[in-house]
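Q: Hey, can you walk me through this one? I'd like to start with the basics and then jump around a bit.

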Amino acid sequence: MARSKSTSAKNTATSSRSATKAKKGKVQAAPSRVTRRGKVKPGRKRGWNYPRQGYGPIHRWLPSWRFVLGSFLGFIALLVGTFVALYIAIDVPEPDDFALAETTKVYYTDGSTEMGSFADYDRESVPLSDLPDVVPHAVIASEDRSFYSNNGIDIKGIVRALVNNVSGGAQQGGSTLTQQYVERYYLGTTTGYTGKIKEAILALKIDREQSKEEILENYLNTIYFGRGAYGIEVAAQKYFGIHASELNLSQAALLAGIIPAPSSGDPAVNPEYAQRRWERVLNLMVQDGYCTQEEADAAEFPETIEKVASNDYAGPNGYLLSTVTSELVASGEFTEDELSTMGLQIVTTINQEKQEAAVAAVDNLPEDRPENNYVGLVSVDPRNGEIYAMYGGADYLVRQRNAVTQDVAQGGSTFKPFALLAALDQDMSVNTRYDSSSPKVIDGLEIENFDSSSRGNINLVTATMYSVNTVYVQLNKDVGPENTRAVAVQAGIPEDTAGLDDTLTNVLGSASPRPIDTAKAYATFAAGGVQHDPHIVREVRDRDGNVIYSADTEGTRVFEENTIAQLNYVLQQVTAPGATGATAGQLGRPVAGKTGTSTGPVSAWFCGYIPQMVTVVNMYQIGEDGSEEVLTGFGAYTNIGIGGGSFPAQIWLDYMEVATADMEVEDFPDPVWTGSVPAVDSPTTSAPTVTEEPTETEGPTQEPTETEGPTEEPTEEPQPTETEGPTPNPNEPTEGDPGGGEGDPNPGGSP
């Protein structure tokens, strides 16, 4: 009784205090009450009781089980309601609507002038009854083994895709034939969760309203097989030159294996991958009883006909369009199928006026130019890596190899700046002098200057201006040829470049880079030591104009600014009157650069730049067997031969005069010199005169080993990728053949 009274007294006191606070205008929770067991249960607010009164500091913020259950049921009701509304609202389209792939358009850098399009598609429907059984059986075994038992969607596949997408993997969708058929209607826009819900609903409706035979027929007539082929009939024609009704087991298995990856699944692009997919389909057909093991064992991998490029790729612009495709597919953000069907707007970095100037500069070459003579030209903005213009060839339909992004050629003396930069990194002065006698034996190698003449003891400025081989091999010995190689890689030359080694004569350019690689390296010089990746795509917009891809223009500093300023000072002397690149100096503004002519010569280069633009031009010749061939003289150089200071420098000048017309004249940053300001040495009594007949080699006097150069026609991969190209004989220097050097037969730059 005493305890009960005490509790009653406490309750009375609590009530009294509550009443007092209420009189003061303070609204409190309802009074506590005592349960039958004598426990005090906290009072609750009426209505919304959150945070909950009478609980601890943490517990009071936790929702009650009633709230959680109510919220869950409400969410389920919302989902069901939304699903029902969408199910009613979404109509099943006609089969033809599924095949209306939208054209992707490619624009010049202004974003409005069309360069070309990816719209090479063709479709021809064929009844399912006209197809041999091996066709639908191969597709079902490969793409949807539960086709005849599912209701249009695969719950397990959806859950798997959801988990994959949430965990950050590549976007995935459902795997049923019906869902893939629906994806053709939405044209790749179902990557978001809302789109996937619409896709699933439409798949369910189609499965209810159409028979399995109708779905299968519509699917086979609309799915993309690559090569611009939509539907099994056109695919049979483009891969085998026959009608779909004539397909056999082996051919049907190949086409079924192509469906998930039309680009990489094409045997003309990746024969190993295509064969693995083909074998997989045959094995699944055996497992599902669509063919016997004996039939699968007897099948032979089918031969396909030649892949024919779309007429949209005709002319020089075809190389631009193929590079756009290669770059975007390599980014991992798009497939070739998506680029062809999603109705995208691709804005490139290509300036139309500059591109036309590049084509015109090459077309200005004399008419007696040999047919197997090729030119590559690429012009890059060193400030962000954007490609202003690119000449990869005359007609992509005739030759599906890009002279800029695929073909390679020996770099010659374009590698000398890497040795000079290595010397500057080691705090060597450009006033350092070397004996320029020619010929000169260095570590057992007999090195000869391109004109077989000497200039006495000269500094590195003069040696660069006249591209003196004997001086640069001595310099390379002092700085270490391994450091010259390391600087080349640091500047942008890929480590796996054919012929790139640590030998003493690597400074003479025995390595064979692509023009795009050399442009990246020289753009690093023009940008003051900041490196950018050259790219041709600025941005990609979806059909609604939303930007879904933008190029990375962030640069990375790889060389010290003043070191590059000193290098640029020296390379500006190359374009001075009388120097090897004098032709480029006629541009009428500060120009830095370097000529390059390989042993033979089998190639000739000019790499020149102003602060806002780097342009690399190279010329090479391909023999009948696909190997590098000594350049045949033509035009004004019929008798004296071709070097970097001749046609490449002239093409460079013709292009740059147009390309820089609207650009401000900018000076290169002035370097800070620790010693005396360098200058070009005065001519000595042993200074050479320009010879009519240049020596055939610039290094050792022995004949060069023939190197394997760019192949005229690709054998296994007619669809180019930016990283693919011919694999020449590296022509690793030996004691009798350093593999490169200057060799400009006309150092003054005039005929």
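A: Sure. One definition to begin: a helix here means a DSSP run of H or I with at least four residues, and helices are numbered from the N terminus. Also, keep in mind that this is a predicted model.

Q: Okay, so what does G492 do just after α19?
A: G492 takes a positive phi there, about 145°.

Q: And which residues of α19 are buried?
A: Helix α19 covers residues 481–491, and its buried residues are P481, T484, R485, V487, A488 and A491.

Q: Where do they sit around the axis?
A: They span an arc of only 160°, which puts them on the same side of α19.

Q: Why would residues three or four places apart point the same way?
A: An α-helix has 3.6 residues a turn, so residues with that spacing end up pointing the same way.

Q: What covers the buried residues of α19?
A: The cover includes three helices, α16 (416–425), α18 (469–479) and α20 (515–526), plus strand β14 (530–531).

Q: New topic: the largest nonpolar core. Which residues touch the most other members?
A: That core has 89 residues, and the ones touching the most other members are L328, I346, F418, L475, F525 and Y609.

Q: What is L475 in contact with, leaving aside its neighbours within four places in sequence?
A: L475 contacts A419, L420, A423, M428, Y434 and L460. There's also a second, separate core of 52 residues, with I206, L220, A236 and F240 among them.

Q: How many aromatic pairs are there?
A: The structure holds 18. One of them is Y609 with F668, an edge-to-face pair with 5.7 Å centre to centre and 90° between the planes.

Q: Which parts does that pair tie together?
A: Y609 is in strand β19 (residues 603–610) and F668 is in the segment after α22 (647–659), so the pair links parts 59 residues apart in sequence.

Q: Are Y609 and F668 buried or exposed?
A: Both are buried. Ring pairs also join Y609 and F668 with F415, F418, Y522 and F525 in a cluster.

Q: What about charges over rings?
A: The charged end of R399 sits over the ring of Y374, 4.3 Å from its centre. K212 lies over the face of F147, 4.8 Å from the ring centre.

Q: Last one: which strands pair with β15?
A: β15 (residues 537–541) pairs antiparallel with β7 (residues 345–348) over 4 bridges, and antiparallel with β16 (residues 547–550) over 3 bridges. E539 of β15 is the bridge partner of V347, and S550 in β16 is a bridge partner of E539 too.

Note on methods
Residues numbered from 1 in each chain as written. Predicted model: local features only at pLDDT ≥ 70, side-chain atom pairs only at ≥ 80, totals over all residues. Heavy atoms only, no water. Core = buried A, V, L, I, M, F, W, Y, C linked by side-chain atoms within 4.5 Å. Buried < 20%, exposed > 50% of the residue type's maximum accessible area, 1.4 Å probe, protein only. Contact = heavy atoms within 4.5 Å. Helix = DSSP H or I, 4+ residues; strand = E, 2+ residues; numbered from the N terminus. Arc of directions from axis to C-beta. Phe/Tyr/Trp six-rings, centres within 6.5 Å; stacked < 30°, edge-to-face > 60°. Lys NZ or Arg CZ within 6 Å of the ring centre and 35° of its normal. Pairing = 2+ DSSP bridges.
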